[in-house]
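The following exercises concern the overall build of a protein chain and the pockets in its surface. Please study the sequence and the structure, then work through each solution in order.

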Amino acid sequence: MKKIVLIGGSGTIGSILREGFASEFEVVNLDLEVDGENQNDRKVDATDYDELVRNIPRDADVIINLLSKPQTDDLVDVAEMDKLVDVFLKASYHIFQAAIDHGIPKVVVASSNHVTDYYEEDGDSTLGREITVNDYPYSVGLYGTLKLAIENVGFAFHNKHNLSVINLRIGSVKQNEETEIYQDLDRLQHTWLSEIDTVNLFRQAINTDVRFGTYYGVSDNEGKPWDNNKTKRELGFESVWTAEDVIEEGN
């Protein structure tokens, strides 16, 4: 059984993965907010490199970077910029370096669709076709810009150390799908990544032999803005539950 370390695994995606992986992988969660009753939960500040390295099990097979922070699609003031840089860029660099120091062969990065949000408006691609990973990654805000920086730092670690790095540009993931999709239905019906598809996507990223790659993670929703054909072709991803299925199930 592979040992998977989630960094920032107490949030939405981490909660979905911990439940979905329960019988398949041994999962360790490192986060600032953890359940003290769970022996596989460890309170860790990933911006503190020494603390992070001490708590990552040396026998881990894969690290998944799920670091998150409430974000805006726009630019922010300098104080907030410092916080975002610490959480996303600094701590992510720590994660890559910790993988090298511990000899952990793979890091999966929860990147974001906001890396290319310049080309998306209310869930629709403005390009007249689906957005692909070959489109230049313009973002309208700091969040997407920092997510792109993480992808590029990952490539540098892959290039120098042969670390396997899989970047997943995640669509819209919510728990309590049947109700949450209606919070912004006009966009979410296109950008949705269902819970079961989220688990499948990360499972494929964990198990793939691909050494480096960047992929969009979105369910096969009607009118989706991003092309997930590369995700299917190279990672073996299959979308089995779409926004249409969530809406139909809730009616």
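**Exercise 1.** State how many helices and strands the protein chain has, and assess its compactness.

*Solution.* Step 1: The secondary structure comprises nine helices and nine strands, where helices (H or I, at least four residues) and strands (E, at least two) are DSSP runs, numbered from the N terminus. Step 2: The radius of gyration, taken over C-alpha atoms, is 17 Å, close to the 18 Å that the globule rule gives for 251 residues, so the chain is as compact as a globular protein of that length. The globule rule is 2.2 Å times the number of residues to the power 0.38.

The model is predicted: local features need pLDDT of at least 70, side-chain atom pairs count only at pLDDT 80 or more, and totals for chains, interfaces and linings use all residues. Residues are numbered from 1 along each chain as its sequence is written, and side-chain values use heavy atoms, without hydrogens and water.

**Exercise 2.** Determine what share of the residues of the protein chain is buried.

*Solution.* Buried means under 20% relative accessible area (1.4 Å probe, protein chains only). By this criterion, 52% of the 251 residues count as buried.

**Exercise 3.** Describe the lining of the largest pocket by class and by element.

*Solution.* Step 1: The lining divides into ten nonpolar, twelve polar and six charged residues. Here Ala, Val, Leu, Ile, Met, Phe, Trp, Tyr, Cys and Pro count as nonpolar, Asp, Glu, Lys and Arg as charged, and the others, Gly among them, as polar. A pocket is an open set of points on a 1 Å grid over the protein atoms alone where a 1.4 Å probe fits, with protein on both sides within 12 Å along at least five of seven lines; lining residues have an atom within 4 Å of a point. Step 2: α1 (12–20), β5 (106–112), α4 (142–161) and α6 (185–191) each supply at least two lining residues.

Notes. Buried < 20%, exposed > 50% of the residue type's maximum accessible area, 1.4 Å probe, protein only.
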